[in-house]
Amino acid sequence: MRFAGLKRAAFAFGLLVASLAGAAQAADRFEVTFAPSMHDGPLTGRLVVVASPTEPKGDKIRPGFYGPPMFGVDLTALAPGQAGVLDDAAKAFPLQTLKDLPAGDYWVQALVITYGEAHRADGRTIWAPLKLARTDMTELDGNLYSTPVKVHLDPAQGFDVKLVLDHVVKNTPLPDTPWIKRVRIKSKILSDWWGVPMYLSANVLLPKGWAEHPDARYPVALLNSFDSRPFFFDDDPNAKSDPAALARDNLQSGYDFYRSWTSDNFPRIIGITLEQPCPFFLEAYSVDSANCGPFGEALTKELIPYLEAKYHAIGKPYARLVEGASTGGWEALNLQLKYPDYFGGAWVFNPDPIDFHHDQLLNAYKDDNAFTMTVAPGVTVERSMRRTVEGQSNLTMRELSRWEDVMGSHARSGGQFEGWEAIHSPVGPDGYPEELWDKQTGKMNPAVAEAWRANGMDLTDYARRNWSTLGPKLRGKLNIISGEMDNFYLNLAVYDFDDMLKATAGPDYPARFVYGRPKKGHSWHHKTWDGVVREMADQVKANAPKGENTAQWNY
């Protein structure tokens, strides 16, 4: 009996050891490797693994807000042939951790957003994407990604999936067309600041008759747009207008605009889209900032003078206008405010927050948490980041913040919130932008908000503080347009700017605000593109000095 008891105890102990061993082995890992031919030297960047329950339609699984589960970690100096590991410690979205992934079959893909080393003029050394383009961070040249593979994943049992980074992103530059010319110049100002070669680009839309009239000089509309076609110009007759978009938002098709642009009675203006990607975001916001560097200076001293000389522009403030929507709207207003003697007018459509009392639905100066709103004592609700024009929230501040936390550390996600931090924030002790809020908890950093204001990034506050100088210079130059159901709540900060202007300059000050209603959202414009160009042309003509030969513009 005693011997049998010992046998039973030994058997139970063996089961316990086996159970503990099984638990220890239930680790979840993705391992990535790459061949020397795929990348020059060790690889530093952000590793993102996506696990899709459905087979991808192309060779990439996009890590989107509504896409499949995704996980991210940093890679540092990974050598060819060495395994980079993503495990349970990785950041996760929309799950909390990799352990929360439901067991099942998945199509799995790895992507690495590659970083380069920059020794900046401010004394900081950082790693960030340096092969810049006006595109999503996942689509930058030199990024690596694996072929999607189908695997069974069960975090309870543990898994070790090996993925090979066997593809490199390579983008083909857009060609010139008879109407649109592509320009790329090296910026000495930015290259000196960043310690690596930095470039500015532009897409130049030439007016009808430009080549036949080399002695003519033209006004310039400088457009802050993510589209490489100024005013969405498209000479393809198949690019017809969507009647619903035209009726809802005045969104004219590229081909319809082409027909106006090339007609005999249309204003002869040069349209130029500016491209200014920053290592932290696809756009540097046309401003001098602590993290991205002196982009405002580079635009006004290098790129714009180069373009005006090359393409026969008048090159004087009254004939130099700025326009933009969303990010571009903030840029257009910023340029007009910061360089009031350089630009002759701004058309500002649904701009990114221009007053941080309404940083979307967040009061950056007073709220203590970005993710939640207190609606009653002890009662909070999720804070929306985006809505439909009917008012239904379809993305929260928490969701976008956590998505960005997967896509990159140290404000390198390329997402909107961290893009604003890269532009507005001071440099942190680690050399990277300081966070306005913690991306996992939403806890606010009020000192960063105050730094945004002190840095002149709250454009309402900047205009108010400098109005004695700005007021006389901005008369008749501000055109600010917003839908009253802007999908990102951007109309709220426009109201703040409007109220400030009435209180500071008086209700009769010549600035124009146009609000679209009812249910006009982020894409709404008060006129079609050809109507906007005619407004710009009228302003240039009205402000032209006496004796100017306006006939050469064929208005």
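1. The second largest cavity of this predicted model is lined by D355, H357, Y365, R453, D458, T460, D461 and R464, and about 30 Å³ of space lies in this cavity. Helix α10, which spans residues 459-465, gives the most to that lining, with three residues. By class, the lining holds one nonpolar, two polar and five charged residues.

2. The largest cavity has another set of lining residues, namely L132, A133, T135, M137, L140, P277, C278, F281 and L282, and about 40 Å³ of space lies within it. Its lining divides into eight nonpolar residues, one polar residue and no charged residue. How many cavities of 30 Å³ or more does a search of the whole structure find? The search returns two.

3. Turning to the open sites, the largest pocket has a volume of about 1100 Å³ and is lined by 45 residues, of which F226, S326, T327, Q416 and H522 lie nearest its centre. The elements that give two or more residues to this lining are β14, β18, α6, β22, α7 and α8, so named here that a reader may follow them through the later points. In terms of class, the lining residues of the largest pocket divide into 20 nonpolar, 19 polar and six charged.

4. The second largest pocket holds about 830 Å³ of space, and of the 25 residues that line it, L132, A133, R134, S201 and E275 lie nearest its centre. The elements that give two or more residues to its lining are β12 and β13 (199-205), and the largest share, four residues, comes from β13. Its lining residues divide into twelve nonpolar, six polar and seven charged. L132 and A133 are among the residues nearest the centre of this pocket, and they are also among the residues that line the largest cavity.

5. The sheet deserves a point of its own. Eight strands form an open sheet with mixed pairing, in the order β12-β13-β15-β14-β18-β19-β24-β25. Why is one side of β12 and of β25 left without a neighbour in the sheet? β12 (180-186) and β25 (512-516) stand at the edges and have a single partner strand each, so one side of each has no neighbouring strand there. On average, neighbouring strands of this sheet are turned by 20° against each other, with direction ignored.

6. Strand β19, residues 346-349, pairs with strand β24, residues 478-483, in the parallel sense over four bridges, and within this pairing the bridge partner of W347 is N479 in β24. Helix α6 packs on the sheet, where it touches β14 (220-224), β18 (320-325), β19 and β24, and the direction of α6 makes about 150° with that of β18.

7. Strand β14 can be examined through its burial and its pairing. Five of the five residues of β14 are buried, so this strand is largely enclosed by the rest of the structure. In a regular strand the side chains alternate between the two faces of the sheet. Both faces of β14 are covered, with V220, L222 and N224 buried on one side and A221 and L223 buried on the other.

8. Which strands pair with β14, and in what sense? β14 pairs with β18 in the parallel sense over five bridges, and with strand β15 (residues 270-275), again in the parallel sense, over four bridges. Among the individual bridges, A221 has L321 of β18 as its partner, while the bridge partner of L223 in β15 is T273.

9. Helix α8, residues 416-424, is mostly covered, since nine of its nine residues are buried. The buried residues are Q416, F417, E418, G419, W420, E421, A422, I423 and H424, and what covers them includes β16 (288-289), α6 (327-338), β22 (384-387), α7 (397-407) and α9 (446-454). Q416 is thus a buried residue of α8 that also lies among the residues nearest the centre of the largest pocket.

Technical notes. Residues numbered from 1 in each chain as written. Predicted model: local features only at pLDDT ≥ 70, side-chain atom pairs only at ≥ 80, totals over all residues. Heavy atoms only, no water. Buried < 20%, exposed > 50% of the residue type's maximum accessible area, 1.4 Å probe, protein only. Contact = heavy atoms within 4.5 Å. Pairing = 2+ DSSP bridges. Axes fitted to C-alpha atoms, helices over the stretch in contact; angles between N-to-C directions. 1 Å grid on protein atoms, 1.4 Å probe; cavity = no way out; pocket = protein on both sides within 12 Å on 5 of 7 lines; lining within 4 Å. Points joined across faces, edges and corners; volume = space filled by probe spheres on them. Nonpolar A, V, L, I, M, F, W, Y, C, P; charged D, E, K, R; others polar.
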